[in-house]
Every structure is written in structure tokens, then in C-alpha cells.
Amino acid sequence: MEARQLRKEADKQGGDSSANSLKYFEQALKIYQEFAKNNPEDPLRDEALYKTGEMLEHLARYWDAYEAYKKLVEQTTAGRWWDPAIERIFSIGNVFLAGQPQMLWKIPMPADMNKVVKIYETILRVAPFGPYAPLATFSCGLAREKQKKWPEAVRFYEEVLDKYPKNDLVDDAQYQIGFVWMKAAREPQYDQTAAQKGIEAFQDYLVRFKRSDKTDQASENIEVLKQRLSGGSLSVARFYDKSGNYQAALVYYNEVLSQTPDSPQGQEAKQRKRVLEDLLSETK
């Protein structure tokens with residue numbers, strides 16, 4: 001292929017500057033794109049599509065790279081470049097999940113978690129039984145968590161349990177279900193219902209994964225959620241305060257102050273907050 005010769009020439013030049021490298025990637029990208037477009041039946045088309053994605057990644061055009069890999073895996077079912085393309089799609093999803101900004105008219109915009117889910121769901125659609133499917137499902141849950149779409153996040157974690165029961169991610173998925181409901185319980189629209197679901201999820205976790213390194217944390221989370229059921233934010237704050245976890249206690253005392261600052265509960269929270277802040281400042 002012409003692009004292969006271009007690579008040889010670029011390697012001879014040594015790639016001694018980023019400007020030269022970018023120029024090479026742009027030139028190679030154009031060649032691969034044109035070849036894939038003009039030679040739909042050529043055996044080398046799959047490679048051209050893969051290399052298109054690769055060049056776009058070098059240029060930090062990650063969404064466009066995803067589209068190139070997506071075209072490859074959707075239009076073929078096997079071949080040398082199919083599995084590597086799935087791997088690159090998963091990696092691009094991870095880039096955006098981690099917060100890589102997307103470009104809109106050359107202006108960086110926050111990563112769109114809906115697009116992140118779309119990337120991972122491409123893997124679930126074309127390779128539902130492949131090695132990246134459980135990881136992609138779990139990552140969809142993480143993306144929905146970032147959006148605070150708690151029920152949707154739980155749905156993806158439950159899919160990990162239902163569809164991939166022997167995968168190493170099942171214990172993480174079960175724990176995460178409880179953790180999602182624990183976070184949801186801090187919001188008024190979920191509150192008591194979410195707290196109860198979180199308790200049940202963590203209890204299931206303790207039954208199924210007795211030797212996990214997160215059993216102690218799961219047990220503590222159950223106690224926190226029980227406090228939430230019995231008395232809301234102030235009760236949780238008192239729990240952390242009594243156990244010596246002052247940073248966590250401050251989070252919930254602040255929550256009380258934001259909800260009912262002038263109430264007796266708010267006054268208690270204000271007083272304890274002041275005390276704990278003094279204690280923490282002394283330990284620095």
C-alpha cells in the first residue's frame with residue numbers, strides 16, 4: 001500500500017519533531033481513508049480502516065477514531081484486524097470515561113457520558129460474548145454513575161451478574177450495586193427506598209463474597225444505611241463522628257446544614273462541624 005511506503009519514509013526521517021509527526025499522521029490518514037473508500041472489496045480494506053482509526057488516535061481525534069473502528073467491526077465478522085479494533089474501541093471508551101474532553105468547533109467540551117455508553121454498547125452489540133463484553137457492561141454502569149442516573153447504573157451492574165456470572169467482575173458489580181444505592185440515598189427523591197436497596201445489595205455481597213477485601217467496608221456501609229433509614233443525614237453524621245471518621249462526618253453535617261440550617265438538628269450540626277474542623281486543623 002502507498003501508506004506503507006509513507007511510513008518507511010517517515011521512519012527514515014526519524015520523527016524528530018511533533019510537527020513532522022502530525023504531518024505524517026495527517027498524510028497517512030488521507031491515504032488510508034481514500035483507499036478504504038475507493039476499494040470496498042479489496043482484502044486490504046480492513047487494514048485501511050484500522051489504520052484510519054490508528055492515525056486519528058495519534059491526532060487525538062478519538063471520537064472519529066471510534067467511528068472508523070466501528071465501521072470495521074460492523075461490516076466484518078472476523079479477520080486479523082477485527083479483534084484489535086474491538087480492543088481499541090474499548091480503550092477509547094476508557095479515555096472518555098476518564099474525562100477526556102471532546103472537541104466542538106475546536107473548543108474542548110466535557111466528556112459526554114451518553115457517547116461513552118454508546119461506545120461501549122457497540123462492543124456489546126457486535127461481540128456480546130467476547131472478552132471485552134463484561135468490562136464494557138461494567139463501564140456503562142460507571143458512566144451512568146457519573147451522570148447520577150442511579151437506576152440505569154444498577155441495571156448495567158445487574159447485567160454483569162446475570163450475563164457473566166463466572167467473570168471476575170461479579171463481586172465488583174455486586175458491591176457497586178450497593179454503593180450506587182448508597183449514593184442515591186443522599187438524594188431526596190430516592191432516600192428511604194434507596195437506603196433499603198443498598199442494605200440488601202451489601203448483605204447479598206457479604207453472603208456471596210465472604211473472603212473479599214471489601215467485606216469490612218460493606219459491613220460499615222450497611223450500618224451507615226441503617227442510620228440513614230432511622231434518622232437521615234444527622235444520624236449518619238453522628239455515626240461517623242462517633243467512629244472517628246471526622247471527614248465523613250463533616251460531609252453529613254454539611255448536608256444537614258444545607259437541608260435545615262435553622263432547625264435544632266441544624267444547630268447541632270453547626271456546633272459539631274466547628275469542633276471537628278478545629279480537631280482536623282490541629283492534626284495537619
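**View 1. Glu223 and Lys226 share helix α11.** The two residues sit three residues apart in α11 (residues 215–243), about one turn of the helix. The model shown here and in every view is predicted. Glu223 and Lys226 form a salt bridge, with the closest N and O atoms 3.9 Å apart. The cut-off for a salt bridge is 4 Å. Glu223 has 34% relative accessibility and so counts as partly exposed. Lys226, at 40% relative accessibility, is also partly exposed. Neither value is under 20%, the limit for buried, or over 50%, the limit for exposed.

**View 2. A salt bridge joins Glu268 to Arg238.** The closest N and O atoms of the pair are 2.7 Å apart. This pair links distant parts of the chain. Glu268 belongs to helix α13, Arg238 to helix α11, and 30 residues separate them. Glu268 is partly exposed, because its relative accessible area is 26%. Arg238 is partly exposed too, with a relative accessible area of 42%. Elsewhere, Lys70, Glu74 and Arg125 are joined into one network by salt bridges that share partners. The whole structure holds 15 salt bridges.

**View 3. Glu54 and Lys51 form a salt bridge in helix α3.** Their closest N and O atoms lie 3.2 Å apart. The two residues are three residues apart in α3 (residues 45–58), so about one helical turn separates them. Are Glu54 and Lys51 buried or exposed? Both are buried.

**View 4. Thr52 lies in helix α3.** Its relative accessible area is 5%, so Thr52 counts as buried. Which residues does Thr52 contact, leaving aside its neighbours within four places in sequence? They are Leu29, Tyr32, Gln33 and Ala68.

**View 5. Helix α12 packs against helix α13.** Helix α12 spans residues 246–259, and helix α13 spans residues 264–283. Their axes are 9 Å apart, at an angle of about 150°. Angles over 145 degrees count as roughly antiparallel, so α12 is roughly antiparallel to α13. The crossing of α12 past α13 is left-handed. On the α12 side, the contact is made by Tyr246, Gln247, Ala249, Leu250, Tyr253, Asn254, Val256 and Leu257. On the α13 side, the partners are Gln265, Gly266, Ala269, Lys270, Arg272, Lys273, Leu276, Glu277, Leu279 and Leu280. By class, the residues of this contact are 10 nonpolar, four polar and four charged.

**View 6. Pro261 sits in the loop between α12 and α13.** At 38% relative accessibility, Pro261 counts as partly exposed. What does Pro261 contact, leaving aside its neighbours within four places in sequence? Its contacts are Val256, Gly266 and Gln267. Val256 and Gly266 also take part in the contact of α12 with α13, Val256 from α12 and Gly266 from α13.

**View 7. Helix α6 crosses helix α7.** Helix α6 covers residues 113–126, and helix α7 covers residues 133–146. The two axes come within 9 Å and cross at roughly 165°. That angle makes α6 roughly antiparallel to α7. The crossing of α6 past α7 is left-handed. From α6, the contact takes in Met113, Asn114, Val116, Val117, Tyr120, Glu121, Ile123 and Leu124. From α7, it takes in Ala133, Ala136, Thr137, Ser139, Cys140, Ala143, Arg144 and Lys146. The residues of this contact divide into 10 nonpolar, three polar and three charged.

**View 8. The overall frame has 13 helices and two strands.** This count describes the secondary structure of the protein. Of its 284 residues, 45% count as buried. Glu54 and Lys51 are among the buried residues, and Thr52 is another. What share of the contacts with a separation of 6 or more comes from residues 24 or more positions apart? The share is 50%.

Conventions. Residues are numbered from 1 along each chain as its sequence is written. This is a predicted model: local features need pLDDT of at least 70, side-chain atom pairs count only at pLDDT 80 or more; totals for chains, interfaces and linings use all residues. Side-chain values use heavy atoms; hydrogens and water are left out. Axes are lines fitted to C-alpha atoms, for helices over the stretch in contact, and angles run from 0 to 180 degrees between N-to-C directions. Helices (H or I, at least four residues) and strands (E, at least two) are DSSP runs, numbered from the N terminus. Angles under 35 degrees count as roughly parallel, over 145 as roughly antiparallel, 65 to 115 as roughly perpendicular and the rest as oblique. A crossing is left-handed if the near helix is turned anticlockwise from the far one by less than a right angle, and right-handed if clockwise. Contact means heavy atoms within 4.5 Å. Ala, Val, Leu, Ile, Met, Phe, Trp, Tyr, Cys and Pro count as nonpolar, Asp, Glu, Lys and Arg as charged, and the others, Gly among them, as polar. A salt bridge is a side-chain nitrogen of Lys or Arg within 4 Å of a carboxyl oxygen of Asp or Glu. Buried means under 20% relative accessible area, exposed over 50%, partly exposed in between (1.4 Å probe, protein chains only).
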